[in-house]
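Visitor: I have a new structure on my screen and I'd like to learn how to read it. Could you walk me through some features?

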Amino acid sequence: MSKLTCTAKSKSVAIAAFAGATLALAGNALARDLMIVGFGGGFQDNARTHLFQGYAKAAGQPVKDDVYNGEMAKVYSMVKAKDVTWDVIMVEAPELVRGCEDGVFEKIDWSVVKKDKFINGGTSPCGAGAVLWGVTLFYDQNRIKDGPDTFAKLWDTRTYPGKRSFRNGPKMTLEIALLADGVPPADVYKVLATPEGQKRAFDKLDQIKKDIVWWKSGTQPVQLVGSGEVAYAVGYTGRIARANEGGAKYPLLWKTLLYSVDYWTVVKGSPNAREGMKMIDWITDAKPLVALSETWAVSPANAEAAANPKLREKNPAMLSAHAPEGLFIDTEFWVANGDDLEKKFNAWIAK
């Protein structure tokens with residue numbers, strides 16, 4: 001073999017080695033910054049510091065966050081186009097189950113995310129529990145000394161005059177109507193699954209339809225009650241508790257609680273899927289969640305944090321302490337019936 005041939009061969013080996021090393025580095029690096037997406041509001045503002053950037057610092061991995069309103073069409077479009085720009089997102093339970101079945105979410109890698117750290121109901125094939133959320137009836141005690149403390153009383157417009165505010169949608173609103181009509185919590189979804197039960201719910205809503213102000217975003221119920229535009233509203237417990245910390249006097253009526261769990265999941269086809277799983281594991285650990293509770297009233301789906309006595313003392317509105325008094329929003333029911341009831345609700349509200 002000539003010296004020239006040997007030199008050429010050596011260069012080829014060197015180039016191949018360099019290319020292999022470059023590919024290996026590229027494989028270890030993320031294609032872009034990790035993107036996590038939530039529902040916004042005060043929770044996300046505080047989670048940005050304690051969870052998102054906490055993970056970025058711990059992992060040495062840049063993290064950006066964005067806000068959405070739960071619009072799943074955008075997620076489906078990303079996956080279909082194979083142009084996934086969101087990695088980790090927070091989703092409500094019915095959307096998680098439906099999206100998992102439709103293949104727009106990755107299955108959780110339980111070898112990365114520790115499955116045994118969550119409360120009952122805190123895990124799903126495609127989701128790891130983030131936080132519990134709920135709604136209750138509330139009013140301004142500075143204006144109304146003795147308001148209704150049950151949904152049945154809320155329908156008594158003579159004793160309790162004024163506007164009422166509900167979420168503009170069938171989920172929660174139809175359950176509330178049946179509860180107001182005397183259906184026991186344990187039977188709500190059995191009744192609502194029947195045509196007769198659905199008619200019963202809409203008939204009950206008809207009784208006070210002219211007195212209802214509908215809300216779409218979670219900030220509105222507190223604003224509506226605070227301004228006096230409505231007398232009573234059904235709103236998110238975290239926002240009510242936060243308003244009370246700011247000086248408001250809004251009772252949290254736990255007998256009227258409806259609650260569920262939001263989950264973290266990874267969008268199918270994310271180029272950062274494995275890093276997303278690592279982030280989910282980190283932000284669902286007890287330590288960062290307890291740190292988050294120092295600045296925001298949170299109801300974590302992590303069992304250790306949920307049972308933390310200091311956290312419960314600091315956050316008396318923590319849902320895990322009040323869940324036995326409330327109605328768990330049935331995920332499977334809304335997966336099976338949500339589209340149909342959405343159409344019926346929109347037709348009813350347009351009348």
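Guide: Happy to. Keep in mind that this is a predicted model. Let's begin with a pair of charged side chains: aspartate 45 and arginine 48 meet in a salt bridge, with N to O at 3.4 Å.

Visitor: What is the general idea behind such a pair?

Guide: Side chains of opposite charge can pair when their charged atoms come close. In this case, both aspartate 45 and arginine 48 belong to helix H2 (residues 41–59), and they sit 3 residues apart, about one turn of the helix.

Visitor: Are aspartate 45 and arginine 48 buried, exposed or partly exposed?

Guide: Aspartate 45 is partly exposed, at 45% relative accessibility. Arginine 48 is partly exposed too, with a relative accessible area of 29%.

Visitor: How many salt bridges does a search of the whole structure find?

Guide: The search finds 21. One of them joins arginine 274 to aspartate 109, whose closest N and O atoms are 3.5 Å apart. Arginine 274 is in helix H11 (residues 273–283) and aspartate 109 is in the loop between H4 and E4, so this salt bridge ties together parts that lie 165 residues apart in sequence. As for accessibility, arginine 274 is exposed at 53%, while aspartate 109 is partly exposed at 26%.

Visitor: Which residue does lysine 114 meet in a salt bridge?

Guide: Lysine 114 meets aspartate 281, at 2.9 Å from N to O. That pair also links distant parts of the chain, with lysine 114 in the loop between H4 and E4, aspartate 281 in helix H11, and their positions 167 residues apart. Lysine 114 is partly exposed, at 40% relative accessibility, but aspartate 281 is buried at 11%. You can follow the salt bridges further, too: a network of them links Lys114, Lys117, Asp281 and Asp285.

Visitor: Let's try cysteines. Where is there a disulfide?

Guide: Look for two cysteine sulfur atoms within 2.5 Å of each other. Here, the sulfur atoms of cysteine 100 and cysteine 126 are 2.0 Å apart, and the two residues form a disulfide. A search of the whole structure finds 1 disulfide. The link between cysteine 100 and cysteine 126 is right-handed, with 65° about the S-S bond. Cysteine 100 lies in helix H4 (residues 93–102), and cysteine 126 lies in the loop between strand E4 (123–124) and strand E5 (127–139), so the disulfide ties together parts 26 residues apart in sequence. Both ends are tucked away: cysteine 100 is buried at 15% relative accessible area, and cysteine 126 is buried at 0%.

Visitor: How do I read a strand? Which residues of E1 lie on each side?

Guide: Check what covers each face. In E1, Leu34, Ile36 and Gly38 are on one side, Met35 and Val37 are on the other, and all are buried. Because 5 of the 5 residues of strand E1 (residues 34–38) are buried, E1 is largely enclosed by the rest of the structure.

Visitor: Which strands are joined to E1 by bridges?

Guide: One partner is strand E2 (residues 63–67), which runs parallel to E1 and is joined to E1 by 5 bridges. Within that pairing, valine 37 stands opposite aspartate 66. Going from E1 to E2, the chain passes through H2, and this β-α-β crossover is right-handed. Strand E3 (residues 88–92) also runs parallel to E1, with 2 bridges joining them. There, isoleucine 36 stands opposite valine 88.

Visitor: And aromatic rings? How many aromatic pairs are there?

Guide: The count comes to 18 aromatic pairs. For each pair, check the distance between the ring centres and the angle between the planes. The rings of phenylalanine 52 and tryptophan 264 have centres 6.1 Å apart and planes at 80°, so they are edge-to-face. Phenylalanine 52 is in helix H2 and tryptophan 264 in strand E9 (residues 258–266), 212 residues apart. Phenylalanine 52 is buried at 1%, and tryptophan 264 is buried at 2%.

Visitor: Which rings are linked into a cluster?

Guide: Ring pairs link Trp155, Phe166, Phe202, Trp214, Phe345 and Trp348. Finish your tour at tryptophan 348: the charged end of lysine 209 sits over its ring, 4.2 Å from the ring centre.

Key: Residues numbered from 1 in each chain as written. Predicted model: local features only at pLDDT ≥ 70, side-chain atom pairs only at ≥ 80, totals over all residues. Heavy atoms only, no water. Helix = DSSP H or I, 4+ residues; strand = E, 2+ residues; numbered from the N terminus. Buried < 20%, exposed > 50% of the residue type's maximum accessible area, 1.4 Å probe, protein only. Salt bridge = Lys/Arg side-chain N within 4 Å of Asp/Glu carboxyl O. Pairing = 2+ DSSP bridges. Right-handed = clockwise from strand over helix to strand, strands pointing away. Phe/Tyr/Trp six-rings, centres within 6.5 Å; stacked < 30°, edge-to-face > 60°. Lys NZ or Arg CZ within 6 Å of the ring centre and 35° of its normal.
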